[in-house]
Amino acid sequence: MNYLTTKINKLKEFKGIEEPTHFTVELRPTTKCNYDCFYCTDLHINENKIVPLSEDNMQKMLLSIKKNTGKNIQVFICGGEPTVYDRLTSLINSITNVMEGSDYVEVQTNLSIKEKKLIKLINELQNKRFVKISVSYHNTQCTNHMIFIKKCLLLKQHGILNMISYGYNSKKNVLSDYKKGKKILGSEHCEIVPLINASVDQDPNKGNDTFKEINILNEKEQTNLWDDDGHFFDKQLQYTKTDGEIIETSRNEMWLKRNNNFLGTKCSVPKWKVYVDWNGDVYKCFNQQFAPVKPIFNLNENVDYKYFKNLQCMDCTFTTCFFDMEYKKEIQQKDVKEIKIDRFFNTQKYKLIKKIK
Ligand code: SF4
C-alpha cells in the first residue's frame with residue numbers, strides 16, 4: 001500500500017492556512033486573452049469560443065452555496081482575460097445583486113482595457129461595494145507603466161482597486177516598476193508574484209519550461225527577505241510530519257522544492273471552492289478543468305443543489321497543485337491513480353458546449 005505519495009518525506013497533514021474566510025467560486029468566462037505571455041501559453045486557448053454564462057443559474061448557485069454552507073462568498077473572475085468576455089459588466093452586476101455582508105467579487109485583469117472602456121465599466125457597476133479589481137502587471141508585454149498606473153489610480157479613486165501583482169520573470173526585471181508602483185499606489189496594493197504558476201501541461205515535451213522560472217527567481221533574488229512583498233513568499237503555510245514536527249513554509253518554498261505534489265492525499269478543496277469553466281462545466285479542483293474528469297454539473301443546464309448540501313473532501317489525483325495549497329490535505333492509506341493533465345481537455349474539440357437556458 002503506497003500512502004506516501006507526496007514529495008514531502010513523512011508528511012502527516014498539510015494544514016494550509018487557518019480557516020479560510022470565504023467559499024470561493026472561481027470562474028473563467030473565457031479562455032481567450034489579448035496577450036501572449038511566454039509563461040501562459042498553456043492556459044489561454046484562443047480558439048475556444050465564448051459561451052455566454054447563465055446569470056440566472058449563477059445567482060441560484062451562489063444562493064444555494066450560501067444557504068447550505070453558511071459561508072461568505074468570493075467570486076473570483078479570471079481567464080483568459082475576463083475583459084474580453086463582452087457580458088462582463090452584466091455578469092458582475094448579476095453576481096453582486098445576490099451578495100450581502102462581506103461577500104465580494106474579484107476580477108483579475110491585465111488592465112489592457114482602454115481607459116475610456118474602463119471608465120464605462122466602472123460607471124456601469126451597480127454595487128461597487130462588493131467589487132474588487134485585481135491587476136496583473138505584465139512587463140513582458142508592451143505595457144507603459146505610467147499609463148498602467150493611471151488606470152490603477154482610477155480604480156483606487158472609485159474604491160475598487162485590490163492587489164496589483166507584479167509578475168517577476170527571467171525576461172525583464174520587474175523590481176523597479178514594483179517599487180514605483182508601491183510609492184504611487186501604496187504598498188497595500190502591490191505584491192510580487194513569480195510567473196511559474198501559469199503552465200498547465202506537466203509533460204515537459206508539451207510544456208514551456210516555465211517551472212525553471214522559480215529556480216531563476218530564487219537564484220537571483222533573496223526571496224527570504226520578501227515576506228512583506230506578497231502572499232507567495234510569506235510563510236503562511238504549515239505542515240506536520242509523522243513524528244509531530246511542524247514545518248512552516250511558503251508557496252515559494254513549496255514550488256522551489258517541488259513539494260507541491262499531493263497525489264493520493266485527501267484534499268479539502270471541495271469544501272471551500274468550485275471552479276466554473278468557460279463552457280459552464282463546474283469542477284472541484286483547478287486541474288480537473290484540464291483533465292478527462294466528468295464535471296459535477298454544467299451551470300448553463302442546471303444547478304445541482306444536492307451537491308452543496310454535502311460537501312466532501314476529494315482524493316487528489318494530480319501531481320502538481322497550482323493555486324490551492326491553502327486548503328488542508330491529509331495522508332491516507334489508499335492507492336489513488338494519477339490523472340494526467342493536458343490543455344487538450346480544455347478545448348472545444350473535447351468539451352461539450354451546452355446552450356444557455
Ligand atoms: S491538485 Fe487539486 S485535489 Fe490535489 S491537492 Fe491541489 S487542489 Fe487538492
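In this tour, Ala, Val, Leu, Ile, Met, Phe, Trp, Tyr, Cys and Pro count as nonpolar, Asp, Glu, Lys and Arg as charged, and the others as polar. Keep in mind that the model you have open is predicted.

Start with the ligand. Select Phe262, Cys267, Val269, Cys285, Asn287, Met314, Cys316, Phe318, Cys321, Asp324 and Lys329, the residues around it. By class, this shell holds 8 nonpolar, 1 polar and 2 charged residues.

Now zoom out to the whole protein. Colour by secondary structure and you should find 8 helices and 15 strands. The radius of gyration is 20 Å, close to the 21 Å that the globule rule gives for 357 residues, so the protein is as compact as a globular protein of that length. Along the principal axes, its C-alpha atoms fill a box of roughly 60 × 50 × 40 Å. Of the 357 residues, 42% count as buried.

Next, go inside. The largest nonpolar core has 76 residues, and Val75, Ile95, Val105 and Tyr166 are the ones that touch the most other members. Pick Val105 and show its surroundings: beyond its neighbours within four places in sequence, Val105 contacts Val75, Ile77, Ile92, Ile95, Thr96, Phe130 and Val131.

Last stop: helix α5, residues 175-185, where you can select Gly181. Is Gly181 buried or exposed? Gly181 is buried, because 23 other C-beta atoms lie within 10 Å. Leaving out neighbours within four places in sequence, its contacts are Ile149, Ile164, Tyr166 and Cys190; Tyr166 is one of the core residues you met above. To finish, draw a distance from Gly181 to Cys152: their C-alpha atoms are 9.5 Å apart, with the two positions 29 residues apart along the chain.

Note on methods
Residues are numbered from 1 along each chain as its sequence is written. This is a predicted model: local features need pLDDT of at least 70, side-chain atom pairs count only at pLDDT 80 or more; totals for chains, interfaces and linings use all residues. A residue is near a molecule or strand if its C-beta atom, placed from the backbone, lies within 6 Å of it. Helices (H or I, at least four residues) and strands (E, at least two) are DSSP runs, numbered from the N terminus. A residue is buried if 20 or more other C-beta atoms lie within 10 Å of its own, exposed if 12 or fewer, and partly exposed in between; C-beta atoms are placed from the backbone. Two residues are in contact if their C-beta atoms, placed from the backbone, lie within 7 Å. A nonpolar core is a set of buried Ala, Val, Leu, Ile, Met, Phe, Trp, Tyr and Cys residues joined through C-beta atoms within 7 Å. The radius of gyration is taken over C-alpha atoms; the globule rule is 2.2 Å times the number of residues to the power 0.38.
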